Amino acid sequence: MHESSAQRSRTRRKETGPPATGADEKATLRGFLDYLRNSVADKAAGVPEPQVRTGGVPSGTSLLGLLKHLAFVERFYFLGEDAGDWPATMRPSAQDTVDGVLADYLKTVERANRVIDACPDLALPAPRAPRRGSAPSMRWVLVHMIEETGRHAGHADILRERIDGSTGR
C-alpha cells in the first residue's frame with residue numbers, strides 16, 4: 001500500500017501530558033503556563049514563509065501573528081508595558097521573521113518568568129502599564145495568561161495542521 005504525498009507530509013508529534021510541576025501554587029501555575037508557552041512556540045518554529053504569516057482562517061489569524069500578539073500580552077501583564085494598538089499586535093510586519101518573532105517571544109517569556117519568580121506573594125499586584133484602576137494580583141494575571149495562552153495554543157494547533165498536517169504537542 002502506497003502513502004499519498006499528503007499522508008507523507010503529515011507529521012505526528014508525540015502527545016505530551018500535563019506538566020510535572022512543583023508542589024506550591026506559583027510553581028503549578030507557572031508550570032502550566034510554561035507548558036502552553038512552549039506549545040505555541042513549537043507550533044510556529046520551522047514553518048516556512050509565506051505560510052507562517054498567511055491567515056489560515058477568515059479573520060486572517062496566522063501563526064506568526066499569534067506569536068507576536070502573545071509577546072505583547074506577556075509584556076503588558078508581566079512587564080507593565082503598554083501595547084498601544086492591540087489589533088496591530090496580531091499583524092506581523094513585512095520585516096518580521098519566524099526566527100525574530102520567536103526569539104522575541106522567548107526572551108519576553110524569560111523576562112516575565114523573572115518577574116513571576118521574584119513575586120513573594122501571588123496576592124500582590126502585578127506590574128501595570130500606566131492606566132486608571134488598580135493592578136490585578138499576580139495570581140489573577142497567571143490564571144488569565146494560562147487562559148489566554150491556552151486559547152491561542154488551540155488556534156496554533158489548528159493553523160499548523162492546516163499548513164502541513166502536523167498535529168500533537
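**Entry 1. Aromatic residues**

I looked up Y77 to begin with and found that Y77 is buried, with a relative accessible area of 16%. I note here that the model is a predicted one.

I then asked which residue forms an aromatic pair with Y77 that is edge-to-face. The partner is F76, at 4.8 Å centre to centre and with 85 degrees between the planes. F76 counts as buried because its relative accessibility is 5%, and buried means under 20%.

I followed F76 to a further ring. F76 and W86 form an edge-to-face pair, 5.4 Å centre to centre and with 85 degrees between the planes. This pair links distant parts of the chain, since F76 is in helix α3 and W86 is in the loop between α3 and α4, ten residues apart. I recorded W86 as partly exposed, at 30% relative accessibility.

I counted three aromatic pairs in the model. Ring pairs join F76, Y77, W86 and W140 into a cluster.

I also checked for a charge over a ring. R75 lies over the face of F72, at 4.7 Å from the ring centre.

**Entry 2. Helix α4**

I compared the length of helix α4 with expectation. The helix covers residues 98-118, and at 1.5 Å a residue its 21 residues should span 30 Å. I found the end C-alpha atoms 30 Å apart, which agrees.

I next asked which residues of α4 are buried. They are V98, V101, L102, Y105, T108, V109, A112, N113 and I116. Seen down the axis of α4, these buried residues fall within an arc of 145 degrees, so they line one face of the helix. On the other side of α4, I found D99, K107 and A118 exposed.

I then looked for what covers the buried residues of α4. The covering elements include α2 (25-44), α3 (63-79) and α5 (138-164).

**Entry 3. Nonpolar cores**

I turned to the largest nonpolar core, which has 21 residues. Within this core, V40, V52, L63, L67 and Y105 touch the most other members. Each of α2, α3, α4 and α5 supplies at least two residues of the core. I asked which helix gives the largest share; α3 does, with six residues.

Apart from this core I found another, of 17 residues, among them L33, F76, A126 and L142.

I listed the contacts of L63, not counting residues up to four places away in sequence. L63 touches K43, A44, V47, V52, A156, L159, R160 and I163.

**Entry 4. Two buried residues, T149 and E74**

I located T149 in helix α5. T149 is buried, with a relative accessible area of 0%. Leaving out residues up to four places away in sequence, I found T149 touching L33, L36, R37, V40, L70 and Y105.

I located E74 in helix α3 and asked whether E74 is buried or exposed. E74 is buried, because its relative accessible area is 1%. Leaving aside neighbours within four places in sequence, I found E74 in contact with R37, L79, Y105, T108, V109, A112 and M145. Of these contacts, Y105, T108, V109 and A112 are among the buried residues of α4.

I noted that R37 and Y105 are listed among the contacts of T149 and among those of E74.

Finally, I took one distance along the chain. E74 and G56 are 18 residues apart in sequence and 24 Å apart in space, C-alpha to C-alpha.

Note on methods
Residues are numbered from 1 along each chain as its sequence is written. This is a predicted model: local features need pLDDT of at least 70, side-chain atom pairs count only at pLDDT 80 or more; totals for chains, interfaces and linings use all residues. Side-chain values use heavy atoms; hydrogens and water are left out. Helices (H or I, at least four residues) and strands (E, at least two) are DSSP runs, numbered from the N terminus. The expected span of a helix is 1.5 Å times one less than its number of residues. Buried means under 20% relative accessible area, exposed over 50%, partly exposed in between (1.4 Å probe, protein chains only). The arc is that of the directions from the helix axis to the C-beta atoms. Contact means heavy atoms within 4.5 Å. A nonpolar core is a set of buried Ala, Val, Leu, Ile, Met, Phe, Trp, Tyr and Cys residues joined through side-chain atoms within 4.5 Å. Rings of Phe, Tyr and Trp (its six-membered ring) pair if their centres lie within 6.5 Å; planes under 30 degrees apart count as stacked, over 60 as edge-to-face and the rest as tilted. A charge sits over a ring if NZ of Lys or CZ of Arg is within 6 Å of the ring centre and within 35 degrees of the ring normal.
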